[in-house]
Amino acid sequence: ADVQSRFHGNDSLSGRMGKLNQVFFQANLARWWDQRRYRAFIASLSSELYSARNTHWEALKDDVRGTLATYGFDTDSWDIVRQYGAVKSGENGVIHGEAMRHVPNEALAPLLGKRKPTPGALDRERDRLERLVRAYYSDQLAWATLQPGTREKALTTQGQKRGTALGELARSFFLFKGYPLQVWTRVLGQFTQEDQHLAIARGMM
C-alpha cells in the first residue's frame, strides 16, 4: 500500500478532513457539475453512434472509423453492435454496451471463425463486444474531460513517499499542476507522435 500510494492516482484526504473535503465539493456544486458534464458527453457520443446505426463500416466517416478501429472494432463487430446495440431513448437513441449480452448465437458466427460455437466461446464474444463499447465510451470521456491519473501522479510526486521531506516538497511544487500536465502528456503528446505540429500551434493559440 505504501509503494502504491506513491504512484496511485487517488491522493485524496482521509478521515475527518476527507469527509469535510467531500462536503465542500458537494456544497459548491463541483461534483454535480462534473457529473452533468460526463453524462452530457456520453449521451452526445452515444447519440452519434446511434445516428450511424444504418451505416456500413466502409461508409463511416474516416475519423469515426479510425477511432473505432483503435478500440478493436472491425466490419463484423460494428455490424453486430449497430444492429443489436441500438436502443431507442426519447427522440433519439443510444448504442448500449449491455445490449451485447443479448446478441443471439447465430449473429456471433462471423466472429468465431473456425472455432466451435460452444456456449463458452459465444459468451466470450459477447463480453468482448461489451468491453469494446464500454472502452470506447470511457476512454473518449477521459479525453474530453481531462482528469489527472496515475501517470501525472508519478510525475508530480516523483515516487516519493508522503510525509517525507522530498515527498512533501514535490507535492507542494506540483500543487494544481496535474491538469496542465495531462494536457501536455495526453493531448499535445498525441499530436507530437502523429507529427501534427501545426495542430499543436493552433491548439495553443
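I started at Glu130: leaving aside neighbours within four places in sequence, Glu130 is in contact with Gly97, Glu98, Met100 and Arg101. Contact here means heavy atoms within 4.5 Å. Glu130 sits in helix 7. I looked up its exposure: Glu130 is buried, with a relative accessible area of 8%. The cut-offs are under 20% relative accessible area for buried, over 50% for exposed, and partly exposed in between, with a 1.4 Å probe and protein chains only.

**Ground rules.** This is a predicted model, where local features need pLDDT of at least 70, side-chain atom pairs count only at pLDDT 80 or more, and totals for chains, interfaces and linings use all residues. Residues are numbered from 1 along each chain as its sequence is written, and side-chain values use heavy atoms, with hydrogens and water left out.

**Overall layout.** I find 11 helices and two strands in the protein. Helices (H or I, at least four residues) and strands (E, at least two) are DSSP runs, numbered from the N terminus. From the N terminus on, the order is α-α-α-α-α-β-β-α-α-α-α-α-α. Of the 205 residues, 29% are buried. I also checked contact range. Among contacts between residues at least 6 apart in sequence, 61% join residues at least 24 apart.

**Helix 3 and helix 7.** Two packed helices are described by the angle between their axes and the distance between the axes. For helix 3 and helix 7, the axes come within 10 Å and cross at roughly 125°. Axes are lines fitted to C-alpha atoms, for helices over the stretch in contact, with angles from 0 to 180 degrees between N-to-C directions. Helix 3 and helix 7 are therefore oblique to each other. The bins are under 35 degrees for roughly parallel, over 145 for roughly antiparallel, 65 to 115 for roughly perpendicular, and oblique for the rest. Helix 3 supplies Tyr38, Phe41, Ile42, Leu45, Ser46 and Leu49 to the contact, and helix 7 supplies Tyr136, Tyr137, Gln140, Leu141 and Ala144. By class, I get nine nonpolar, two polar and no charged residues in the contact of helix 3 with helix 7. Ala, Val, Leu, Ile, Met, Phe, Trp, Tyr, Cys and Pro count as nonpolar, Asp, Glu, Lys and Arg as charged, and the others, Gly among them, as polar.

**Gln140.** I followed up Gln140, which lies in helix 7. Gln140 is buried, with a relative accessible area of 19%. Outside its neighbours within four places in sequence, Gln140 touches Phe41, Leu45, Thr67 and Tyr71.

**Helix 5.** Residues 75–84 form helix 5, and its buried residues are Ser77, Trp78, Ile80, Val81 and Arg82. These buried residues pack against helix 3, helix 4, strand 1, strand 2, helix 6 and helix 7. I checked the N-terminal end too. Asp74 caps helix 5 there, with a side-chain oxygen 3.3 Å from the backbone nitrogen of Asp76.

**Helix 5 and helix 7.** The axes of helix 5 and helix 7 come within 11 Å and cross at roughly 80°. That makes helix 5 roughly perpendicular to helix 7. The contact involves Ser77, Ile80 and Val81 of helix 5 and Leu129, Leu132 and Val133 of helix 7. I sort the residues of this contact into five nonpolar, one polar and no charged.

**Ser172.** My last stop was Ser172, in helix 9 (residues 165–173). At 53% relative accessibility, Ser172 counts as exposed. Its C-alpha atom is separated by 9.3 Å from that of Thr157, 15 residues apart along the chain.

Note on methods
Polar contact = N/O pair within 3.5 Å; in protein donor to acceptor, adjacent residues only side chain to side chain.
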